[in-house]
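Here is a friendly walk through one protein model. Have a look at it first, and then we'll go through its charged pairs and its metal site.

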Amino acid sequence: MSTEFERSKYWADRIARDAIAHSRRAARGLVTVRSAGSPSGGKHIGNMNDQVRAYFIHLAVEDAGCTSRVVQTSDDMDPLRVVPSRLPDGEGEWRELARGVVQEFSSHLGEPVSRVDDPFGCHGSWAEHFTVLLDEGLRSIDVKLETYYVSEMYRRGEFDPVIRETLSKLDKVREVMSRFRSKDLRSWIPFQAVCENCGKIATRAVSFDMNSWTVEYECTGGVLHGKYAVKGCGHKGTTSLRNGKLPWRIEWVADWKLFDTDAEPFGKEHYEGSWKSGVALAREVFGFEPPVPLVYEFFLVDGQKMSSRLGNAYTLHDLSKIMEPEVIRYIYTKRPIAHRDVAIKSLPKFVDEFDRFERSVFEGKAQTEILRTYRFLFERPPTEKPYRVPYSVAAYIVQFYPPEEAFNRMVSSGMVPSDLDERNSASVMNRLRLASNWVKLFAGEEYKVVLRQPPAKVDDPRIKRAFEYVSSVYSEKEMDGDALQNLLYEAAKKFGVPTQRFFEKGYEITIGKRTGPRLGPFLATLDKGYVVKLFSSLEVEGPPKD
Ligand SMILES: [Zn+2]
Ligand SMILES: [Zn+2]
């Protein structure tokens, strides 16, 4: 184990150290990090905390020189609770479902999502559709987990040993659970069979027989997650103990046991409830130590909770159109237990923050925590600082020129060095394309600009004269961005205009905003004829000011 790792206070390293100790106490030669997802619909980036943070813990365990695996279960025996009106299709694009489709699928509420049809018809089931999308999203940021569908595990009998243990220790299970539930559990049998008549999983187990491995049930209906009422059909029957599932609180503990789980991330909402009962069940009923927990908070986006209904539920698929994988992963490296606000409408600020963070890594004085954070952004972190063109700049230029042309203009204006190697050139091109997508798809109005056409108006003759001076010098000479920047300073001084005011005017007459990318280099990317004409044809409006 490296000393850097031992000293690191970074959250993934702390969890990894505890997970390694957990695995050693159980005399396992392998550290397993587990995560889980319910394939009920499109999974937004807040949901993906589970898988991505699990993956980081796994990398941290490997960095410590231990063998590790990282798994996720697709909890596809969960019932369909609601039919969202917006869902991502097979390509990951959000689609509004027709009312008739929503109605049709609503008749399947209460059925396990593994047995409901794919709403887009491109996969074997509802669950498979959303699990595959989720996996593709993860792969787009290089996060790879082993995926298990719990419906298959139940069907193959992999849950049998835990179901047997649960049913043979029924009194103990009821006693432990009664500490966490207010309901009378004296006749409770913790197994939910799938009704063979209506296909719903809102049934009540009446009795069981471990010899024939069957359960007698009644299709009573019920309330899912305290708010979704599902009607039962009243059918009474006997079915296999492989045709159903353990209740969620017990299933979670069963997953820990079946996967020899050493560490697991989960959302804060589980911490007070199912986690506490899980710990008690693991220790008192099943006789093992629960995994090391990592509790995380959900994300906000642009200050709001994400919801597919509001149309602000961003998926990894959405983000990979507008940010590099390492920038997306950066979101998940942050401290888990803090409300994160991911600002998509003002994304350039966030990406510029990332660039500053990356610069600090390569300045040579970065502390362990920063170096460790950077490590999780890549499979293999670069040894030399990648060249980055600021996202905020890219997001302006691509509004005037397509990415390829923007690239060439940035090189000829001196905004981007002309001797970039192939890899860095490709990454500049890539960022221009991402920024261009962002402008088209998600940018806030304040980021949208158009070049203004002459004549522009100013309120001060000195400003008019200063820009005329810039225009006349520029029209005579070849100038790059830095030379233009110097010329702007010179003009402001020569005509007695405060520099800040002069530059603000420069943005205003060009793009109608008071700020923008560095003005000189920015002007140098524009058509020279346009700039010369714009600055030489200003009109003075209103009373002159001294
Ligand atoms: Zn599909
Ligand atoms: Zn039924």
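## Charged pairs and a zinc site

Let's start with one pair: Arg95 and Asp89 join their side chains in a salt bridge, with N and O 2.8 Å apart. The two partners don't sit in equal surroundings. Asp89 is buried, because its relative accessible area is 10% and the cut-off for buried is under 20%. Arg95, on the other hand, is partly exposed at 40% relative accessibility. Keep in mind that this is a predicted model.

That pair has plenty of company, as the structure holds 49 salt bridges. Here are three of them, side by side.

| Pair | N to O distance | Relative accessible area of each partner |
|---|---|---|
| Arg95 and Asp89 | 2.8 Å | Arg95 40%, Asp89 10% |
| Glu445 and Lys448 | 3.6 Å | Glu445 59%, Lys448 33% |
| Lys528 and Glu478 | 3.9 Å | Lys528 25%, Glu478 74% |

Take the pair of Glu445 and Lys448, whose closest N and O atoms are 3.6 Å apart. Glu445 counts as exposed, while Lys448 is partly exposed.

Now for Lys528 and Glu478, whose closest N and O atoms lie 3.9 Å apart. This pair ties together distant parts of the chain, with the two positions 50 residues apart. Lys528 belongs to helix α22 (residues 528-536), and Glu478 lies in the loop between α18 (461-476) and α19 (481-494). Glu478 is exposed, and Lys528 is partly exposed.

Salt bridges can also join up into something bigger than a pair. Asp13, Asp63, Arg372 and Arg375 are linked in a network of them.

Next comes the metal. Which protein residues are the donors of the zinc ion (ligand 1)? They are Asp118 through OD, Cys122 through SG, and His123 and His129 each through ND1, at 2.0 to 2.2 Å from the ion. Along the sequence, these donor residues follow the spacing D-x3-C-H-x5-H.

Why is the arrangement of the four donor atoms around the zinc ion (ligand 1) called tetrahedral? The angles they subtend run from 104 to 112°, and four donors count as tetrahedral if all angles lie between 85 and 135 degrees. For reference, the ideal angle for four tetrahedral donors is 109.5 degrees.

Two of these donors also show how burial can vary within the site. Asp118 is buried, with a relative accessible area of 7%, whereas His123 is partly exposed, with a relative accessible area of 24%.

How values were computed: Residues numbered from 1 in each chain as written. Chains lettered and ligands numbered in written order. Predicted model: local features only at pLDDT ≥ 70, side-chain atom pairs only at ≥ 80, totals over all residues. Heavy atoms only, no water. Donors = N, O, S within 2.8 Å, 3.2 Å for Na, K, Ca; no water. Tetrahedral: all angles 85-135°; square planar, octahedral: opposite > 155°, others 65-115°. Buried < 20%, exposed > 50% of the residue type's maximum accessible area, 1.4 Å probe, protein only. Salt bridge = Lys/Arg side-chain N within 4 Å of Asp/Glu carboxyl O. Helix = DSSP H or I, 4+ residues; strand = E, 2+ residues; numbered from the N terminus.
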